[in-house]
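Subject: Structure handover and what was found in it

Dear colleague,

I am passing on the structure we spoke about, and below the display I set out what was found in it. Please read the notes with the structure open beside them.

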Amino acid sequence: MEAAIILVFIMGYLAITLEHSIKIDKLIPALVMMAICWACIALGIDSFSQWFDSGKHALLDNFGLLEHEEKMHLMEETLLHHLGKTSEILVFLLGAMTIVEIIDYFDGFSTIKGFIKTKKKTKILWIFSILAFILSAIIDNLTATIVLISILQKIVKDRNTRIWFAGLIIIAANAGGAWSPIGDVTTTMLWIGNKVSTGKLIMYLLIPSFLCMAVPSFIATFLPAFKGDLDIEDTEEKKKSKFSSTMLYLGLGAIVFVPIFKTATHLPPYVGMMLSLGIVATFAEIYSNSKFSMTEVDSAESDAHAHHSPVHHSLSKIELPSILFFLGILMAVAAMESLGILFGAADWLRAETPQLGTELVEGGVSDLVVMFLGIGSAVIDNVPLVAASLGMFSEPLDHQLWHFIAFSAGTGGSMLIIGSAAGVVAMGMEKIDFFWYLRKISWLALVGFVVGSIAFMVVRSVV
């Protein structure tokens with residue numbers, strides 16, 4: 001039965017990557033794959049000898065000895081646990097996307113657009129790369145990608161040019177998320193699991209992460225896609241809300257507030273995001289009711305806005321297919337994790353450590369093995385890979401292994417567009433083709449990953 005589940009996962013994965021060839025939206029194979037994987041688990045529950053208890057982050061060796069009813073009960077609890085964790089991500093994402101759409105409702109991104117005076121593609125590339133690197137460390141790589149691609153859509157009208165910028169934003173956002181404990185789900189897992197501390201994480205990973213962003217961006221400046229100037233559309237005569245700047249700063253400030261709220265209350269991030277959404281929505285409703293909300297009134301569009309709540313209008317523009325795709329892919333990976341399949345791979349890697357390169361410490365794990373984990377995170381979601389690492393390795397707080405895992409899992413996903421949350425959301429927002437990204441962007445991400453890994457080894461030897 002395990003072989004059947006793996007086969008279903010592989011077939012679903014291929015259908016996702018071949019979305020544009022088979023003309024079927026990627027959310028469909030993701031949802032079907034998820035449902036069939038869990039159905040196979042339910043039907044063959046008595047044939048499995050092991051089970052991963054997600055709540056305890058440990059394998060249950062005596063799973064095969066349990067009664068059928070106990071196994072089914074444990075499966076239902078595990079399914080509910082994964083649905084809860086996935087829902088946390090989806091609700092957080094819904095909140096962040098709604099805030100971004102509310103900002104856009106008031107034309108808030110025109111404020112940032114006004115800051116960009118240059119039309120030179122290479123300069124705009126560096127502006128967005130640096131913004132992605134910094135913002136992702138503060139508001140997490142997923143939200144930073146949503147915000148920056150939304151801004152990019154207001155600046156770069158040609159989609160063929162825009163997807164090149166989006167590809168580099170993905171690399172920069174994942175690199176920025178790796179050195180911050182709140183920048184990526186995997187670093188947050190390691191941080192909460194008392195494997196890394198904030199100070200040491202920044203000390204070990206800031207330079208490698210910066211190089212992981214800067215080297216691909218530098219190489220990209222020599223590519224034909226970034227030569228010349230952008231044809232930026234003049235929007236001076238278009239309607240602009242008098243509250244555009246206020247809503248931009250309020251919206252971004254509300255998103256930045258989320259990690260502060262989490263640190264203060266220790267509640268999941270989605271709770272803070274809902275609070276932030278409520279605050280932003282309150283001001284949006286107040287401002288939208290103002291008869292002076294438009295500096296230059298376009299009567300038809302103003303009337304259309306008048307009949308809609310800003311929140312309702314913003315919710316109607318959210319990419320629900322992307323949300324459902326997230327649900328399918330994360331729950332399908334959860335099925336693989338629950339059976340302990342990923343832990344079998346981790347066992348093999350650890351057993352092969354002496355043959356795979358120089359060890360970090362005696363009895364430890366090879367650098368090459370950790371890099372393989374990073375490459376693997378481009379194929380399989382990095383969250384279960386890090387969860388597997390937490391269960392397999394027993395090194396103490398701030399051991400070099402944990403920091404290298406944080407870097408590899410955080411940045412390795414950039415090598416495929418569906419290898420990271422930032423890539424998946426960019427794929428949804430810009431309809432980027434899997435194979436286009438593989439041909440044009442993946443090699444840049446690989447170069448950045450290798451350079452950053454070497455930089456980590458250098459920093460580690462100095463520290």
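Arginine 460 is buried, its relative accessible area being 16%, and its side chain meets that of aspartate 367 in a salt bridge with an N to O distance of 2.9 Å. Since arginine 460 belongs to helix 22 (residues 442-462) and aspartate 367 to helix 17 (residues 367-376), the pair ties together parts that are 93 residues apart in sequence. Aspartate 367 also counts as buried, at 11% relative accessibility. Please keep in mind throughout that this is a predicted model, and that every value quoted here was computed from it.

The chain as a whole

The chain has 463 residues, of which 54% are buried, and it contains 22 helices and two strands. If one takes the contacts between residues at least 6 apart in sequence, 78% of them join residues that are at least 24 apart. The chain exposes about 19,500 Å², and carbon and sulfur atoms supply 65% of that area.

The other salt bridges

The count of salt bridges comes to four, and besides the pair described above I will go through two of them. Arginine 162 forms a salt bridge with glutamate 430, in which the closest N and O atoms are 2.6 Å apart. Because arginine 162 lies in helix 8 (residues 159-178) and glutamate 430 in helix 20 (residues 421-430), this pair ties together parts that are 268 residues apart in sequence. Both partners fall under the 20% limit for a buried residue, with arginine 162 at 11% relative accessibility and glutamate 430 at 3%.

The side chains of lysine 71 and aspartate 46 also meet in a salt bridge, at 3.9 Å from N to O, and a distance of this kind has to be within 4 Å for the pair to count. Here, too, distant parts of the chain are linked, with lysine 71 in helix 4 (residues 68-105) and aspartate 46 in the loop between helix 3 (27-43) and strand 1 (51-53), 25 residues apart. As for burial, lysine 71 counts as buried at 3% relative accessibility, whereas aspartate 46 counts as partly exposed at 47%.

The cavity

By the rule applied, there is one cavity of 30 Å³ or more, and the volume of the largest cavity is about 50 Å³. Which residues line the largest cavity? The lining consists of Val370, Leu373, Gly374, Ser377, Leu385, Val386, Ser389, Ile405, Ser408 and Ala409. The elements that give two or more residues to this lining are helix 17, helix 18 (382-392) and helix 19 (400-412). Helix 17 is also where aspartate 367 of the salt bridge with arginine 460 is found. Sorted by class, the lining has six nonpolar residues, four polar residues and no charged residues, which you may wish to have at hand when you look at this part of the model.

Individual positions

Serine 150 is placed in helix 7 (residues 141-155) and counts as buried at 7% relative accessibility. Leaving aside its neighbours within four places in sequence, serine 150 is in contact with Val100, Phe109 and Met429. One of these, phenylalanine 109, is 41 residues from serine 150 in sequence, while the C-alpha atoms of the two are 8.0 Å apart in space.

Two residues other than glycine have a positive phi that deserves a mention. For histidine 266, phi is near 65°; the residue lies in the loop between helix 11 and helix 12 and counts as exposed, at 69% relative accessibility. For aspartate 398, phi is likewise near 65°, but this residue lies in the loop between helix 18 and helix 19 and is buried, with a relative accessible area of 15%.

Leucine 267 is found in the loop between helix 11 (244-265) and helix 12 (269-288), and it counts as partly exposed at 36% relative accessibility. With its neighbours within four places in sequence left aside, leucine 267 is in contact with Phe261 and Lys262.

With best regards

How values were computed:
Residues are numbered from 1 along each chain as its sequence is written. This is a predicted model: local features need pLDDT of at least 70, side-chain atom pairs count only at pLDDT 80 or more; totals for chains, interfaces and linings use all residues. Side-chain values use heavy atoms; hydrogens and water are left out. Helices (H or I, at least four residues) and strands (E, at least two) are DSSP runs, numbered from the N terminus. Buried means under 20% relative accessible area, exposed over 50%, partly exposed in between (1.4 Å probe, protein chains only). Contact means heavy atoms within 4.5 Å. Accessible areas come from the Shrake-Rupley method with a 1.4 Å probe; for residues, only the protein chains shown count as cover. On a 1 Å grid over the protein atoms alone, a cavity is a set of points where a 1.4 Å probe fits but cannot get out, and a pocket is an open set with protein on both sides within 12 Å along at least five of seven lines; lining residues have an atom within 4 Å of a point. Grid points are joined across faces, edges and corners, and a volume is the space filled by probe spheres set on the points. Ala, Val, Leu, Ile, Met, Phe, Trp, Tyr, Cys and Pro count as nonpolar, Asp, Glu, Lys and Arg as charged, and the others, Gly among them, as polar.
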